[in-house]
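Me: I have a model open and want the reasoning behind its labels. Take me through it briskly.

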Amino acid sequence: MSALLVLAAQAASPVCTTPTECAGQGVDTFLGTPARIWASVAALVALGGVVIGWLALRSVRRSGDGGKGAAIVAVVVGLIGGLNGAVKLAVADGGLGTGNGVFGAALALALGLAGAVLGGLALDRARRTRPSG
């Protein structure tokens with residue numbers, strides 16, 4: 001039970017923004033700036049949209065109408081990740097390597113668009129292969 005309390009205390013502590021600040025707080029590893037973390041989470045969400053879209057497209061090919069719900073989820077998740085990446089790119093005030101999350105935001109934008117396109121393709125195939133009867 002005490003390990004959970006230690007983890008909760010570390011999670012509640014403020015995020016350090018530089019490696020020297022982390023060393024001053026006694027934190028061994030530097031996770032990154034809040035902007036970088038935001039961009040990384042957006043990229044992971046967008047990657048989830050790509051995976052869901054690919055699985056939906058595959059299930060529509062195999063079973064006819066089986067991936068319609070997953071296709072809608074892929075479009076929504078892809079758009080959420082892509083829009084977060086676009087917003088992060090718009091508010092970033094530095095280039096690559098400055099800790100502003102520019103690379104993660106660009107990756108989130110690209111993956112979000114790919115996830116939305118895959119979900120849209122799966123949705124289109126689900127509509128066209130609707131069973132008659």
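Me: Which residues of α5 are buried?
Reply: This is a predicted model. In α5 the buried residues are Val-102, Gly-104, Ala-105, Ala-108, Gly-112, Gly-115, Ala-116, Leu-118, Gly-119, Ala-122, Leu-123 and Ala-126. Each has under 20% relative accessible area, so the label applies.

Me: How do you know that the span of α5 agrees with its number of residues?
Reply: Set the expected span against the model. The helix has 27 residues, and at 1.5 Å a residue they should span 39 Å. The end C-alpha atoms of α5 are 39 Å apart, so the two agree.

Me: What about helix α4, residues 68-91: what span should it have, and what does the model give?
Reply: Its 24 residues should span 34 Å at 1.5 Å each. The C-alpha atoms at the ends of α4 are 35 Å apart, which agrees.

Me: Which residues of α4 are buried?
Reply: Ala-71, Ala-74, Gly-78, Gly-81, Gly-82, Gly-85 and Lys-88.

Me: Why is Gly-85 called buried?
Reply: Gly-85 sits in helix α4. Its relative accessibility is 0%, and the cut-off for buried is under 20%, so Gly-85 counts as buried.

Me: What does Gly-85 touch, leaving aside neighbours within four places in sequence?
Reply: Gly-85 is in contact with Ala-42, Ala-105, Ala-108 and Leu-109. As for Gly-101, it is 16 residues from Gly-85 along the chain, and their C-alpha atoms are separated by 9.3 Å.

Me: Why is Ala-71 called buried?
Reply: Ala-71 is also a residue of helix α4. It has 0% relative accessibility; buried needs under 20%, so Ala-71 is buried. Beyond four places in sequence, Ala-71 touches Ala-56, Gly-119, Ala-122 and Leu-123. Gly-115 is 44 residues from Ala-71 in sequence, with 9.4 Å from C-alpha to C-alpha.

Me: Which residues make up the largest nonpolar core?
Reply: Val-50, Ala-56, Leu-57, Ala-71, Leu-118, Ala-122 and Leu-123, 7 residues in all. Helices α3 (34-63) and α5 (102-128) each supply at least two residues of this core.

Me: What makes this set a nonpolar core?
Reply: Two conditions must hold. The residues must be buried and of the nonpolar kinds, and they must be joined through side-chain atoms within 4.5 Å. Val-50, Ala-56, Leu-57, Ala-71, Leu-118, Ala-122 and Leu-123 form such a set, so the name fits.

Me: What is Leu-123 in contact with, beyond four places in sequence?
Reply: Lys-68, Ala-71 and Ile-72.

Me: Why is Gly-69 not given the label buried?
Reply: Gly-69 lies in helix α4. Its relative accessibility is 47%; buried stops under 20% and exposed starts over 50%, so Gly-69 counts as partly exposed. Its C-alpha is 9.7 Å from that of Ala-126, which is 57 residues away in sequence.

Me: Why is Asn-84 called partly exposed?
Reply: Asn-84 has a relative accessible area of 29%, which lies between 20% and 50%, so partly exposed is the right label. This residue is in helix α4. Asn-84 is in contact with Trp-38 and Ala-42, leaving aside neighbours within four places in sequence. Asn-84 and Ala-46 are 38 residues apart along the chain, and their C-alpha atoms are separated by 9.1 Å.

Me: Which residues form the nonpolar patch on the surface?
Reply: Ile-37, Val-41, Val-45, Ile-72, Val-76 and Ile-80. Together they have about 440 Å² of accessible area. Both α3 and α4 supply at least two residues each.

Me: How do you know that Val-41 is accessible enough for a patch?
Reply: Val-41, in helix α3, has a relative accessible area of 46%. A patch residue needs over 30%, so Val-41 passes. At 46%, Val-41 is also partly exposed.

Me: Now the whole chain. How many helices and strands does it have?
Reply: There are 5 helices and 0 strands. From the N terminus the order is α-α-α-α-α.

Me: What share of the chain is buried?
Reply: Buried residues make up 30% of its 133 residues. The chain exposes about 8100 Å², and carbon and sulfur atoms supply 68% of that area.

Me: What share of the contacts with a separation of 6 or more joins residues 24 or more positions apart?
Reply: Such pairs account for 66% of them.

Note on methods: Residues are numbered from 1 along each chain as its sequence is written. This is a predicted model: local features need pLDDT of at least 70, side-chain atom pairs count only at pLDDT 80 or more; totals for chains, interfaces and linings use all residues. Side-chain values use heavy atoms; hydrogens and water are left out. Helices (H or I, at least four residues) and strands (E, at least two) are DSSP runs, numbered from the N terminus. The expected span of a helix is 1.5 Å times one less than its number of residues. Buried means under 20% relative accessible area, exposed over 50%, partly exposed in between (1.4 Å probe, protein chains only). Contact means heavy atoms within 4.5 Å. Patches are made of residues with over 30% relative accessible area and no salt bridge: like charges are joined within 9 Å, nonpolar side chains (Val, Leu, Ile, Met, Phe, Trp, Tyr) within 5 Å. Accessible areas come from the Shrake-Rupley method with a 1.4 Å probe; for residues, only the protein chains shown count as cover. A salt bridge is a side-chain nitrogen of Lys or Arg within 4 Å of a carboxyl oxygen of Asp or Glu.
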